[in-house]
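Trainee: I am new to this structure. Please take me through the site around the ligand, and then through whatever else helps me find my way.

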Amino acid sequence: MVYSSKDNQGVIKVLSFLKTHNTEYLSGQDLSDVLKISRVAVWKHIKKIKELGYKIESKQKLGYRLVSNTNLLLPWEITQGLKTKKIGHQTYYFDSVNSTQEQAMKMAQDPKNNGALVIAQSQTEGKGRAGRKWISPKGGIWLSIILRPEFDVSMVTLFPIASALALSNAIEKCFKIKPELKWPNDITIQGKKVAGILVDASLESNKIENIVLGIGINFDVNVNQIEKDLKNTPNFYGVASLQKIKKDTTPLHLIQKFLEELENIFELLNKDQNKKIIKEWTKRSSTIGKNVELITRDGKISGKAIKIDDDGALIISNKKNTRVLAGDIIHLSK
Ligand code: BT5
């Protein structure tokens, strides 16, 4: 099933009313009178709300009462209380999809989708960088965001790094832990990958037309199962899942925090405030200061990771300094 923040207005109306009156029972007649819809429509919407995973208690003569929320990351749940100006206000939810990135890249052609969020409960063909696979079972957060940046095309390599910083800030605020950032754009906990980032940019005469940011977060996944599926795949170094750390944080809370953090960082990038981002990223980085081996398209490079440049390139020192824009990194030692 697909749901968008613009559909299901009837369901949302009934649901919002049940949410604000969840200490009392509301009869079908009350709902029909207040919301100005027929009794049949009320009944249909209640049925749909239950199908969506909300728990509703129905008592004869008393009516309906909302007992608990759904676990699904439905568009109206994400937008309710969301504090961003633009990002995420338009949301599309899929039960299952090939890849949110694929869907978002198609939608990105339409300028009206600037800021839109595409999210799925599971992906059948989740993608990593360079055509790799991304395992995306139920329990994770798999999403893509469409953006139309004002910043220069030369900043396109800093954008995923900045997005990783935004996600790590959100994880810290929700889970009260400090995740580490592994160059170029992985988020790790105790050296294992908890989230990955993928960016697809569409360029027109050397200007960024749109950018699609894909984020995969292992929120509550079976780590052993994923690790078994991934042994010997490129850039595999172990999997971590967030839920183990703090059980009372919801995916919804984390997504909303992330969208807020992302919007702040996106505004910094649009105002050319790269230095601030690089400074913050460096503070959280597990790569800088380590001896590393880098696997790039042009071969292997070893040396000490010194810093990242203004555009996010990694500077490796080994007799001379080498600038690397993309690759996989193996941390060797301090
Ligand atoms: C990434 O690539 O880390 C980017 C991942 C982006 C996934 C999101 S989910 C929403 C959106 N829609 C998509 O289709 N994709 C994006 P890379 O750095 O190339 O890492 C890929 C490697 O990570 C694989 O070769 C595996 O070794 C490992 N991997 C795959 N699934 C994983 C998982 N769930 N958790 C941890 N590691 C994983």
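Mentor: Start with Asn218. An N or O atom in the side chain of Asn218 is 2.9 Å from a nitrogen atom of the ligand. Keep in mind that this is a predicted model. Gln123 makes a similar approach: a nitrogen atom of the ligand is 2.9 Å from an N or O atom in the Gln123 side chain. Arg132 meets an oxygen atom of the ligand instead. There, the distance to an N or O atom in the Arg132 side chain is 2.8 Å.

How much of the ligand does the protein cover? On its own, the ligand has 800 Å² of accessible area, and the protein covers 99% of that. As for its place, the ligand sits in the second largest pocket.

Now look at the shell. It holds 30 residues around the ligand. Ser99, Lys127, Lys193, Thr233 and Pro234 come nearest. By class, the shell has 11 nonpolar, 13 polar and six charged residues. Which elements give two or more residues to it? They are helix H5 (100–107), strand E6 (141–147), strand E9 (192–204) and strand E10 (207–217). E9 gives the most, with four residues.

Follow E9 onward. E9 also supplies residues to the lining of the largest pocket. Here too E9 has the largest share, this time five residues. Helix H6 (158–175), strand E11 (291–296) and strand E14 (320–324) each supply at least two residues of that lining. The space in the largest pocket is about 750 Å³. Its lining counts 26 residues, and those closest to the centre are Arg129, Arg297, Leu325, Ala326 and Gly327. The classes in this lining are 15 nonpolar, five polar and six charged.

Two backbone details remain. First, some background. Most residues other than glycine have a negative phi, and most peptide bonds are trans. Now find Trp183 and Pro184. A cis peptide bond joins them, with omega about 0°. Pro184 lies in the loop between strand E7 (180–182) and strand E8 (186–189). Then go to Lys36. Lys36 is not a glycine, yet its phi is positive, at about 55°. Look for Lys36 in the loop between helix H2 (28–35) and helix H3 (39–51).

To retrace the route, begin at the side chains of Asn218, Gln123 and Arg132. Move out to the shell and pick up E9. Then take E9 across to the lining of the largest pocket.

Note on methods
Residues are numbered from 1 along each chain as its sequence is written. This is a predicted model: local features need pLDDT of at least 70, side-chain atom pairs count only at pLDDT 80 or more; totals for chains, interfaces and linings use all residues. Side-chain values use heavy atoms; hydrogens and water are left out. A residue is near a molecule or strand if one of its heavy atoms lies within 4 Å of it. A polar contact is a pair of N or O atoms within 3.5 Å; within protein, one must be able to donate a hydrogen and the other to accept it, and residues adjacent in sequence count only if both atoms are side-chain atoms. Accessible areas come from the Shrake-Rupley method with a 1.4 Å probe; for residues, only the protein chains shown count as cover. On a 1 Å grid over the protein atoms alone, a cavity is a set of points where a 1.4 Å probe fits but cannot get out, and a pocket is an open set with protein on both sides within 12 Å along at least five of seven lines; lining residues have an atom within 4 Å of a point. A molecule sits in a cavity or pocket if more than half of its atoms lie within 2 Å of its grid points. Ala, Val, Leu, Ile, Met, Phe, Trp, Tyr, Cys and Pro count as nonpolar, Asp, Glu, Lys and Arg as charged, and the others, Gly among them, as polar. Grid points are joined across faces, edges and corners, and a volume is the space filled by probe spheres set on the points.
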